[in-house]
Number of protein chains: 2
Amino acid sequence: MRLRTRVEAIDASAGAVRLSGGTTLPYDVLVIATGSRPMMPGIPGETLDGVFTLKNLSDAIRIKAYIRDRHCRRAVILGAGYIAMEMSESLRRIGLQTTVVYRGTLPAKKWDGEFSKLILEEITQHGVEFIPGMKPVAIEKGREGSLRLLTDGPVIETDLVLMGLGVTPEVELAKSAGCAIGGGTGAVQVDFTQETSREGIWSAGDCCEVFHRVSRRWTSIPLGDIANKQGRIAGINIGGRPARFEGVVGATSFKVFDLEVAACGLGEKEALESGFSPESVLVWGTSTARSMGGPRLGLKLVADRSTGRLLGAQAAGRGGAVRKIDVLSACLWNEADLDGLAYLDLAYAPPFGGAWDLIHIGAQELLRKIVSS
Amino acid sequence: MRLRTRVEAIDASAGAVRLSGGTTLPYDVLVIATGSRPMMPGIPGETLDGVFTLKNLSDAIRIKAYIRDRHCRRAVILGAGYIAMEMSESLRRIGLQTTVVYRGTLPAKKWDGEFSKLILEEITQHGVEFIPGMKPVAIEKGREGSLRLLTDGPVIETDLVLMGLGVTPEVELAKSAGCAIGGGTGAVQVDFTQETSREGIWSAGDCCEVFHRVSRRWTSIPLGDIANKQGRIAGINIGGRPARFEGVVGATSFKVFDLEVAACGLGEKEALESGFSPESVLVWGTSTARSMGGPRLGLKLVADRSTGRLLGAQAAGRGGAVRKIDVLSACLWNEADLDGLAYLDLAYAPPFGGAWDLIHIGAQELLRKIVSS
């Protein structure tokens, strides 16, 4: 098949896909793995040379070439999620003057404000400029190949504008096949075998929904590890052996400069929306035993007031945050409650934490808070 | 009460302890927290000046003073467990010529031979001499304050001999009180509230047994985090609120130079002894995504052939080992099986591992091994 052939539509009743050349390709089994596409601000000039999305390997290659060929010195990133944070690190590492422009107040808004402040500290310490509360209005060509980002505040002169505004499921082909799309998520609905609402059509990756084991709802979480798992489960089923994808607990992490940031489960707002009565605690410690003077580590736990069940967790610090969240993800997976967490057996040694781990301390503090409330 | 008063015995029927001065001290509630004492080789000269145990803070203070005052240059450690390994690092860090003398073949024998070899590599790379298959026979005074360690092989000249031979529960007082002692463990038997077989007498720490949630047996594991938990549970119960210590899964870790070593649950031998049909796999990966070139990390998983239940795990590498074992400890705590582990949701990001975590890879490989056998 010729390179650059595109699938125009899927005719599920005929069991065929229609290609861009006009030919059709019959199928017995079809997998829709169309992924997601980057969100755009919808402003004039967003397709100008020097404006890039942050999605694919080809984006990375084009950005690197552009920076090299045009001798770029300044970059603006729109958005302040984890991709924007990681990108700010990459740009600083190659010496670019880097500005993050964000409509909201603090970066990584999924995380508690305390942790977002840590992230802000980390990027600004490394020379990233962070401009909150600013809305982009248009991008214009500037002098000598530069760009001008017009905002609801001042104009920002730059060489490069990067879109870090998140992604949205790519579901046009699935729609053309008549596959059901989730109302809240905009992603392709699948069952636990990854089959869509149309028999014989399967889906995996950012384009489809995933079952959240804590909220018990189908949701959209565009992450590579989930996509891998879904693809494998779809493949096993298509190959004739039954397999179920038991879902996720919303575990996620990123690194920005020397800071580890991670979370799993539900935040308080999501917990409320899912019918729980959340109570939370945020505790600070170190990633080693205190006597060893390790870096500061913060852990937030969210649990259900009426059952004591763990609902979610967040952590941030220069080391140790992902470890805590991985443990708590395993606990969420198994529907653990705070009583178990308060005395959970972990691989204690002073270089890796205190005899009372931050998880124990947080769980015990949260238990006291729930009992006394 | 006078300093250095010792408890000579406990008269449980009278509800009193007999002190060294001859006086008795009545009690309503008694806690036996006598800990453990270091094992000695039982050879002539083991109490000479310059021979030290590795148990308490006072040992550390005395060793440091001795090294400083006597200008020690050479040290021998007997034993090759995790305390011996940690001690070898401490001695190298202050510049001593350090020799580990061990009866067996490889250090840290609790771990798989592959991991023991990594440990051996790590210590020898850092200048520690490791002499396997050698039995100490006696310690003699040498010239100018030095010591001579006589073995079943050559004589070793040294300035310092350190006993890293493990510990044994200190149960003499508990015996005098008539508390039941575990036959296999030699430790004080307790129930889930930490009460001993004698009503009103409680115990916590290295001196008493602990319930192993995987083997479902009472065992002896002298670790500081367990002691802390037991003490707290005993205290809550004594204070009048019921609390149970739900036991441990055998999670443990240590760091030697740049190597992290950790384990949880049962090894194959222990699993067999506990009535399981163990099958195991050892997989190698990196502690970051492969593309990021992180250090090598090994993970061993042990599961029950008939049920697919996880029974134990071990890991070693320059980073990431404790994180894996902490996650797997939480899984063991919740009696997870390999099916769950193979698709467990973890906080994936390339700086912290691959989209398929070593835990997923190990679990899937072990599942295939069990199915095909």
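Here are some notes on the two chains, their contact, and a helix and a domain pairing that caught my eye.

1. **What we have.** Bear in mind that this is a predicted model. Chain B superposes on chain A with an RMSD of 0.0 Å, after a turn of 180 degrees and a shift of 0.0 Å along the axis. The two copies are thus related as by a two-fold rotation axis. If you want a landmark in chain B, go to B:Val327: its C-alpha is the nearest to the axis, at 2.2 Å.

2. **How the chains meet.** Chain A and chain B put 39 residues each into the contact. On the chain B side, helix 5 (224-238), strand 18, strand 19 (259-265) and helix 7 (321-333) each bring at least two residues. Helix 7 of chain B has the largest share, with 9 residues. Sorted by class, this side of chain B comes to 25 nonpolar, 7 polar and 7 charged residues. Of the interface residues of chain B, 100% are also interface residues in chain A, so the copies meet through the same surface.

3. **Helix 2 of chain B.** Is the length right for a helix? What one expects for the 12 residues of helix 2 (residues 82-93), at 1.5 Å a residue, is a span of 16 Å; the end C-alpha atoms lie 17 Å apart, which agrees. Just past this helix, B:Gly95 has a positive phi of about 90 degrees.

4. **What helix 2 of chain B packs under.** The buried residues in this helix are B:Tyr82, B:Ile83, B:Ala84, B:Met85, B:Met87, B:Ser88 and B:Leu91. Their cover includes, from chain B, strand 7 (74-78), strand 8 (97-101), helix 3 (113-125), strand 13 (161-163) and strand 18 (252-256). Strand 18 of chain B is thus worth a second look, since it is also listed among the elements on the side that touches chain A.

5. **Domains of chain A.** The assignment splits chain A into domain 1 (51-167), domain 2 (170-238) and domain 3 (252-372). Taken over C-alpha atoms, the centres of domain 1 and domain 3 of chain A are 31 Å apart. The two do touch: 15 residues of domain 1 are in contact with 12 residues of domain 3.

6. **The domain 1 side of that contact.** In chain A, helix 2 (82-93) and helix 3 (113-125) are the elements that give two or more residues to the side of domain 1 facing domain 3. Helix 3 of chain A gives the most, with 6 residues. By class, this side of domain 1 has 8 nonpolar, 1 polar and 6 charged residues.

Definitions and conventions
Residues numbered from 1 in each chain as written. Chains lettered and ligands numbered in written order. Predicted model: local features only at pLDDT ≥ 70, side-chain atom pairs only at ≥ 80, totals over all residues. Helix = DSSP H or I, 4+ residues; strand = E, 2+ residues; numbered from the N terminus. Expected span 1.5 Å × (residues − 1). Buried ≥ 20, exposed ≤ 12 C-beta atoms within 10 Å, placed from the backbone. Contact = placed C-beta atoms within 7 Å. Nonpolar A, V, L, I, M, F, W, Y, C, P; charged D, E, K, R; others polar. Least-squares fit on C-alpha atoms with pLDDT ≥ 70 in both. Domains from an automatic or database assignment.
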